[in-house]
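Thanks for sharing this one. Here are a few friendly notes to read alongside the coordinates.

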Amino acid sequence: MVGTLRVFLWWFIVGATMAMAVIMLQGGIREVMQAQGSVWELKLVELLTTIIGGGLLGGCIALILDRIKKS
């Protein structure tokens, strides 16, 4: 159980970092910094959900591949 959690967390961090890197390459961070008012908050939530989604994708794929490897 601890090994599975460790695999998930490691790949969650890697997936989230990769998603954030892609957003930064596309200029998404610059858009957030230049936005003003409520648009800034909306854009920040949009970026956070994308980053968390990338982490979940990476973590879940790692769990699936880990399960296949152990079979």
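The points below cover an aromatic pair, a surface patch and one distance.

1. Please keep in mind that this is a predicted model. The residue numbers I use run from 1 along the chain as its sequence is written.

2. Let's begin with the aromatic rings. The structure holds 1 aromatic pair, and F8 and F12 are its partners, with ring centres 6.0 Å apart and 35° between the planes. That geometry is classed as tilted, because the tilted class takes what is neither under 30 degrees (stacked) nor over 60 (edge-to-face).

3. Both partners belong to helix α1, which covers residues 2-26. F8 and F12 are 4 residues apart there, about one turn of the helix.

4. Are the two rings' residues buried or exposed? F8 has a relative accessible area of 18% and is buried, while F12 has 22% and is partly exposed. The labels differ because the cut-off for buried is under 20%, so please read them together with the percentages.

5. Next, the surface. A nonpolar patch is formed there by L57, I61, I64, L65 and I68, and together they have about 510 Å² of accessible area.

6. Two patch members deserve a line of their own. I68 is in helix α3, residues 38-70, and counts as exposed at 56% relative accessibility. L65 is also placed in helix α3, and its relative accessible area of 53% makes L65 exposed, because exposed means over 50%.

7. Finally, a distance for your notes: L65 and Q26 are 39 residues apart in sequence, and their C-alpha atoms are 29 Å apart in space.

Notes: This is a predicted model: local features need pLDDT of at least 70, side-chain atom pairs count only at pLDDT 80 or more; totals for chains, interfaces and linings use all residues. Side-chain values use heavy atoms; hydrogens and water are left out. Rings of Phe, Tyr and Trp (its six-membered ring) pair if their centres lie within 6.5 Å; planes under 30 degrees apart count as stacked, over 60 as edge-to-face and the rest as tilted. Helices (H or I, at least four residues) and strands (E, at least two) are DSSP runs, numbered from the N terminus. Buried means under 20% relative accessible area, exposed over 50%, partly exposed in between (1.4 Å probe, protein chains only). Patches are made of residues with over 30% relative accessible area and no salt bridge: like charges are joined within 9 Å, nonpolar side chains (Val, Leu, Ile, Met, Phe, Trp, Tyr) within 5 Å. Accessible areas come from the Shrake-Rupley method with a 1.4 Å probe; for residues, only the protein chains shown count as cover. A salt bridge is a side-chain nitrogen of Lys or Arg within 4 Å of a carboxyl oxygen of Asp or Glu.
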